[in-house]
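Trainee: I would like to learn how to read the features of a protein–DNA model. Where do we begin?

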There are 2 protein chains.
Amino acid sequence: MNTSHPIDACRGPATAEHVALSSGELAAKLAALAHPTRLEIVSRIAGLGPCCCKDVVACVGFAQSTVSQHLKVLVDAGLLSFANKGQRSCYELNHEALAEVAAVITRFAEACCVPQLKDQ
Amino acid sequence: MNTSHPIDACRGPATAEHVALSSGELAAKLAALAHPTRLEIVSRIAGLGPCCCKDVVACVGFAQSTVSQHLKVLVDAGLLSFANKGQRSCYELNHEALAEVAAVITRFAEACCVPQLKDQ
DNA sequence: ATCGTCTATCGCCGATAGACGATGAATACC
DNA sequence: GGTATTCATCGTCTATCGGCGATAGACGAT
């Protein structure tokens, strides 16, 4: 039997450059993005450039502790980079990781939408 | 001030055809995909074509009630279509919705990665 | 040394997710 | 009619999420 499935597209069937994520890794990154507040945080940091927690708190309407936890989720998922700059923290968007998520989900969708090609 | 943010890319800034999702809608669809089992289910249904719950249960290793709930999550998110065919249910991949998620997240990523263009 | 600021973490809470088995409804088959 | 099959839903259990306030640690400024 041919065990090729679209899910394999996540692991990189030599279709694209180097983008490859396991099912669990992809799910983890999607989960990090699957929250309106975190989408907003990513969006804001993209606009602000490298910034600290306080800057983000000033943008979104939540308590500092809540924002700090959302930032941690995004850092753990690899979507933000983190650096300790003295008193402050510096969060910066990881463009490559975000682009990778987009690329992998796009490849996954394409593999799902053209299933008849899976036996090529 | 210019209030344009990458998050607005989700709502469709006339960049692409007709793809447009609110932040909450995008988050909801991402959340539906943000689970390894559901990624696998989507992948399997893409390969099998229209199929019933029992078929999916045979593919993934979980109880029928668990699979049924995962299918419901995917249907509620609009990623699967549902039809009651007599004794069985018929689940089918919603290619358009899946492609839309991929397109929106790609546009979001692009807007985040090129923030200097937000003032164009 | 002390004060103020910024941050991460802790504890707490209600709500939700995700797994399961059991049950009942609807259908197909004999 | 009676039985088997398929499925959705219910209840339960546990773990996690997502919010908050409080607090402690690190740092800069005075």
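Mentor: With one contact: a polar side-chain atom of Gln69(A) lies 3.1 Å from a base nitrogen of DNA strand D. A polar contact is a pair of N or O atoms within 3.5 Å; within protein, one must be able to donate a hydrogen and the other to accept it, and residues adjacent in sequence count only if both atoms are side-chain atoms. This is a predicted model, where local features need pLDDT of at least 70 and side-chain atom pairs count only at pLDDT 80 or more, while totals for chains, interfaces and linings use all residues. Residues are numbered from 1 along each chain as its sequence is written, chains are lettered from A and ligands numbered from 1 in the order in which they are written, and side-chain values use heavy atoms, with hydrogens and water left out.

Trainee: Which atoms of chain B lie by a phosphate oxygen of DNA strand D?

Mentor: A backbone N or O atom of Lys54(B) is 2.6 Å from a phosphate oxygen of that strand. For Ser68(B), a polar side-chain atom lies 2.9 Å from a phosphate oxygen of DNA strand D.

Trainee: Which elements give two or more residues to the surface near DNA strand D?

Mentor: Elements are DSSP runs numbered from the N terminus, helices being H or I of at least four residues and strands E of at least two. Here they are H4 of chain A, together with helix H3 (53–59), H4 and strand S2 (88–93) of chain B. H4(A) has the largest share, 4 residues.

Trainee: How many residues surround DNA strand D, and which are the closest?

Mentor: A residue is near a strand if one of its heavy atoms lies within 4 Å of it. DNA strand D is surrounded by 21 residues, the closest being His70(A), Cys52(B), Lys54(B), Gln87(B) and Tyr91(B). Of the atoms of DNA strand D that come within 4 Å of the protein, sugar and phosphate account for 67%.

Trainee: How does that surface divide by class?

Mentor: Ala, Val, Leu, Ile, Met, Phe, Trp, Tyr, Cys and Pro count as nonpolar, Asp, Glu, Lys and Arg as charged, and the others, Gly among them, as polar. The surface near DNA strand D has 6 nonpolar, 12 polar and 3 charged residues.

Trainee: Which residues come nearest to DNA strand C?

Mentor: Cys52(A), Lys54(A), Gln87(A), Tyr91(A) and His70(B) do, out of 21 residues around the strand. Two side chains of chain B face bases: an N or O atom of Gln69(B) is 3.1 Å from a base nitrogen of DNA strand C, and a polar atom of Ser65(B) is 3.3 Å from a base oxygen. From chain A, a polar side-chain atom of Ser68(A) lies 3.0 Å from a phosphate oxygen of DNA strand C. H4(B) gives the largest share of the surface near DNA strand C, 4 residues.

Trainee: How are the two protein chains related?

Mentor: Two copies of a chain are related by a rotation about an axis and a shift along it. The copies are superposed by least squares on the C-alpha atoms of residues with pLDDT of at least 70 in both. A turn of 180° and a shift of 0.0 Å along the axis lay chain A on chain B with an RMSD of 0.1 Å. The two copies are thus related as by a two-fold rotation axis.

Trainee: How many residues of each chain are in contact?

Mentor: Contact means heavy atoms within 4.5 Å. On that rule 32 residues of chain A are in contact with 32 residues of chain B. The copies meet through the same surface, because 100% of the interface residues of chain A are also interface residues in chain B.

Trainee: What area is buried between chain A and chain B?

Mentor: Buried area is the accessible area (1.4 Å probe) that two parts lose on being put together, summed over both. The value is about 2,700 Å², with carbon and sulfur atoms giving 78%. Leu30(A), Leu39(A) and Ser43(A) lose the most area in chain A, together 18% of what that side buries.
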